[in-house]
Structures are given as structure tokens and as C-alpha cells.
Amino acid sequence: MRSYNVSIFASLLYSIIFSFLFFVNVNSTFDSFLQFPTLKDSRGKSISLLYVNEFGAKGDGITDDTKIFQDVWKRACSSFLRPKIIVPIGYSFLVRPIDFVGPCRSKVSLIIEGSIVAPKDPKVWDKLDARKWLYFVKVRHLTVQGGGTINGMGQKWWATSCKINTTNPCGHAPTAMSFHRCNNLKVRDIRMLNSQQMHISISNCINVEVSRMIVEAPAKSPNTDGIHITSSTHVAIKDCTIRTGDDCISIVNNSSSILVKNIACGPGHGISIGSLGKSNSWSQVHNVCVDGAYFSNTENGVRIKTWQGGRGFVRRISFMNVWMENVSNPIIIDQYYCDSSFPCPNQTSGISVHSVSFVGIRGTSATKNAIKFACSDSSPCKKLFLKDVQLVSYLGFPTTSFCWKAYGSTSGLNNPPSCFNFMEQPTKKLSNLSYQSI
């Protein structure tokens with residue numbers, strides 16, 4: 001009888017253990033069934049692939065796919081498996097204003113092979129932040145790439161701009177793709193079209209590389225800067241083609257260690273540092289190198305622009321190996337910048353412009369003044385440097401230089417001749433400034 005009871009107890013215990021193991025196994029199998037497709041990267045680490053259309057996104061250009069994109073982002077951001085969000089080729093996904101918020105648990109990649117399009121109607125932004133469309137914030141080690149297209153559908157925004165219709169009040173319009181506090185960022189191989197205002201904004205970021213981008217908007221589209229950099233450091237913009245209605249690249253407040261290399265610009269307003277110092281504000285930009293650029297039919301070439309009354313400095317700037325074709329104002333420093341419908345008052349203070357070099361800049365100017373240095377009375381430009389600058393007229397007339405409170409030095413053969421108020425001795429550090437020192 002005792003042996004019988006032991007046998008029953010053993011059987012019962014076995015059944016309990018078996019049931020427990022079976023339950024665990026079933027749940028484990030069920031969990032693995034829910035997992036996303038996984039692959040191994042080149043280093044053997046697991047990655048998960050999240051195709052937005054497999055989560056319900058229609059991609060017909062009509063259906064609002066914003067909620068699906070938001071849900072997929074949340075899944076990706078919470079994954080440990082180096083997720084890749086895939087926007088597949090052959091689809092056009094309509095996405096309303098959306099925030100992609102970090103930090104995430106792993107490195108996230110957004111692979112845009114198809115198209116993402118914005119709503120056409122500005123009323124979609126009613127009661128929302130009109131400055132944002134695709135907004136990435138606090139996402140570290142983010143990669144955006146894929147060969148696809150982002151279309152801001154900005155035509156209705158441009159039509160109501162105060163720069164197109166001066167009777168309209170001036171207001172904000174969305175930046176197509178904004179990156180704020182996104183460190184170790186890579187953006188490459190994307191075509192950006194017709195942003196409502198700026199195409200790409202990089203703000204408060206460290207270690208950024210933007211490469212092989214195509215950015216396009218009509219020459220008359222207002223404020224459609226290609227790539228805008230503010231309060232960021234260690235940023236490289238390489239191998240991009242930019243055709244817009246404003247600056248191809250603009251570098252503003254508190255930015256440093258910026259490399260711009262191999263850029264085709266035009267139409268547009270050129271590559272600009274500034275504007276800086278508006279409303280008597282403090283700004284500083286330093287250690288910027290533009291090495292290799294082609295400008296075609298732009299309103300400016302390489303430019304520094306500051307408002308009167310500003311405080312701060314621009315220094316250690318190098319523009320080198322640049323070709324101009326029919327460019328108005330190929331080389332310009334304008335410390336009397338005034339983007340206003342009313343005259344700007346004269347003010348005594350000004351941002352200091354110091355240690356700026358222009359080396360190997362050649363081509364044709366659409367204006368008689370191929371070089372213009374209009375510097376501040378109270379804060380003259382110092383240690384400017386020209387070397388091997390050859391700018392001739394596109395229409396055959398002689399080119400000239402204009403200087404006001406500009407001090408610097410020259411080397412090599414320069415045309416038009418320098419107009420510096422007096423010649424300074426070139427410093428070794430200035431003449432050797434290049435992207436290698438950024």
C-alpha cells in the first residue's frame with residue numbers, strides 16, 4: 001500500500017513538472033512566433049527588420065499612415081536587436097507631423113527605399129507646431145538612408161509666404177526633417193524634394209555625417225535652405241547636390257568643427273555662415289572648412305552675413321577649391337545684413353570676423369564686385385587671407401573688389417586685386433587651415 005502511494009505521488013509530481021515545462025515551452029514558442037524577422041549583420045550581431053507595410057501602412061499616398069509609423073517606431077526604439085525600419089520601394093506613404101523620440105535601447109536605422117510625402121494642406125498643422133514635420137529628438141546612433149524620397153509638398157506653403165505675397169503676415173513653416181540632440185547621426189542617400197521651408201535641420205547635435213544627398217526645390221521657393229546647422233559640432237556634409245530657393249548650406253549660432261566637402265550648389269543663395277547676431281544676440285561660429293564646391297547661377301557664393309548690433313565672433317573659417325559659374329557676389333562678407341521689409345537701424349556693436357581664408361576660388365562672376373568685404377566700423381574684419389583667387393566677369397567686363405574696414409593679406413596671383421585697407425602679414429595657422437584641422 002505504501003509503495004502504491006509513492007507511485008501515485010511520483011506520477012502526480014511528474015505530471016506537474018511535465019505540464020510546467022510544456023507551458024513554458026509553449027509560451028516560449030509563442031513569443032518567438034511574435035518576434036520580427038532577424039538577420040545577422042557583418043559583425044554577427046542580430047538585427048530585426050520592421051517593414052511598415054507589414055504593420056498595416058497602405059503606402060497609397062492617400063491613406064494617413066502616421067499612426068502605423070508611430071507604432072513601428074515605438075517597437076523599434078524599445079528593441080535590443082539593432083532594428084531597421086524599412087519603408088519599401090514602390091510605395092508612397094502619407095505621413096502627418098510626427099515625432100520620433102529617443103533615447104532608444106539600440107541603434108536604429110530608418111531605411112527609406114520608397115517615398116514619404118507630407119500633407120499638401122497647411123491646415124493639417126493647425127494647433128500643432130508649424131515648424132516641424134519629421135522630427136527626430138534625442139535619438140543616438142541613428143542612421144537614415146536608403147535611396148528613397150522625402151517630399152514636403154511645400155507649394156501651398158510657399159504661396160502664402162510673406163516673401164511671395166507681401167500682404168501676408170510672416171509665419172513659421174515646417175522643416176521637412178529635423179534632428180535635435182541626435183548624437184552620432186548619419187543621413188545619406190536620400191532625395192529631399194520641395195520642403196515647406198528648410199529641408200534638413202541639425203540642431204544641438206554632436207558627430208554628424210550627411211552624405212550623398214540630393215536636395216531640390218524651385219529657385220523661387222522661399223526659405224527652403226538645403227541643410228541648416230545650428231548649435232552643433234563635429235558635422236561633416238559631403239558629396240551632396242543642392243538646388244533650392246535659399247542657402248544651399250547655412251551654418252549659424254554656436255556651431256564649430258564643421259566640414260563641407262564636394263558640394264554642388266545652384267540655384268540658391270550659396271553657402272553661408274549666418275545670419276548671425278539678429279536682435280543684438282550673441283553668436284559664435286568657428287573652425288569651419290568648405291573644401292571643394294561648385295556654384296552655378298547662385299545669388300551668392302561663399303558668404304558670411306551678420307546683423308548690426310550682434311555680439312560674438314566668427315573665426316578660423318576656410319573656403320578652398322571652389323569653382324563659380326555666373327555667380328553673383330562670389331565672395332562676400334556682409335556685416336550690414338538686413339532681411340527686413342524696413343530699414344535696419346545703424347548700431348555700433350558688431351560680431352567680430354577674424355581669420356578667414358579664401359584659397360583657390362575661381363570662375364565667373366555675374367556682378368562687377370566679385371569680392372565684397374563690408375565690415376563693421378566698430379569691429380572691423382581682421383586677418384582675411386586671399387590666395388590664388390581668379391574671378392572674371394561672366395559677361396566680359398572687368399571685375400573689382402570692394403572693401404570697408406577689411407584688413408588682411410594675399411598670396412599668389414589674385415584677380416580682381418585685393419582692396420584691403422592695409423596689408424597684414426599672413427599667419428601660418430590661417431593659410432594652412434583645412435578640413436584636416438577641423
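1. A good place to start is the bond between Cys 403 and Cys 419, whose sulfur atoms lie 2.0 Å apart and form a disulfide. The torsion about this S-S bond is about 75°, so the link is right-handed. It connects distant parts of the chain, 16 residues apart: Cys 403 sits in strand S31 (residues 400–404), and Cys 419 in the loop between strand S32 (406–411) and helix H4 (428–431). Cys 403 counts as buried at 15% relative accessibility, while Cys 419 is partly exposed at 25%. Do keep in mind that this is a predicted model.

2. Next, have a look at Cys 338 and Cys 344, which also form a disulfide, with 2.0 Å between their sulfur atoms. Here the S-S torsion is about 85°, so this disulfide is right-handed. Cys 338 is partly exposed, its relative accessible area being 29%, and Cys 344 is partly exposed with 27%.

3. Cys 375 and Cys 381 are joined by a disulfide too, 2.0 Å from S to S. This link is left-handed, with -100° about the S-S bond. Both Cys 375 and Cys 381 are buried.

4. On the overall picture, the count comes to six disulfides. Counting bonded cysteines along the chain, the pairing reads 1-2, 3-4, 5-6, 7-8, 9-10, 11-12.

5. Finally, why is Cys 182 not bonded to Cys 205? The sulfur of Cys 205 is the closest cysteine sulfur to that of Cys 182, but at 5.2 Å it is too far for a bond. Cys 205 is in no disulfide. Cys 182 is buried, at 0% relative accessibility, and Cys 205 likewise counts as buried at 0%.

Note on methods:
Residues numbered from 1 in each chain as written. Predicted model: local features only at pLDDT ≥ 70, side-chain atom pairs only at ≥ 80, totals over all residues. Heavy atoms only, no water. Disulfide = S-S within 2.5 Å. Buried < 20%, exposed > 50% of the residue type's maximum accessible area, 1.4 Å probe, protein only. Helix = DSSP H or I, 4+ residues; strand = E, 2+ residues; numbered from the N terminus.
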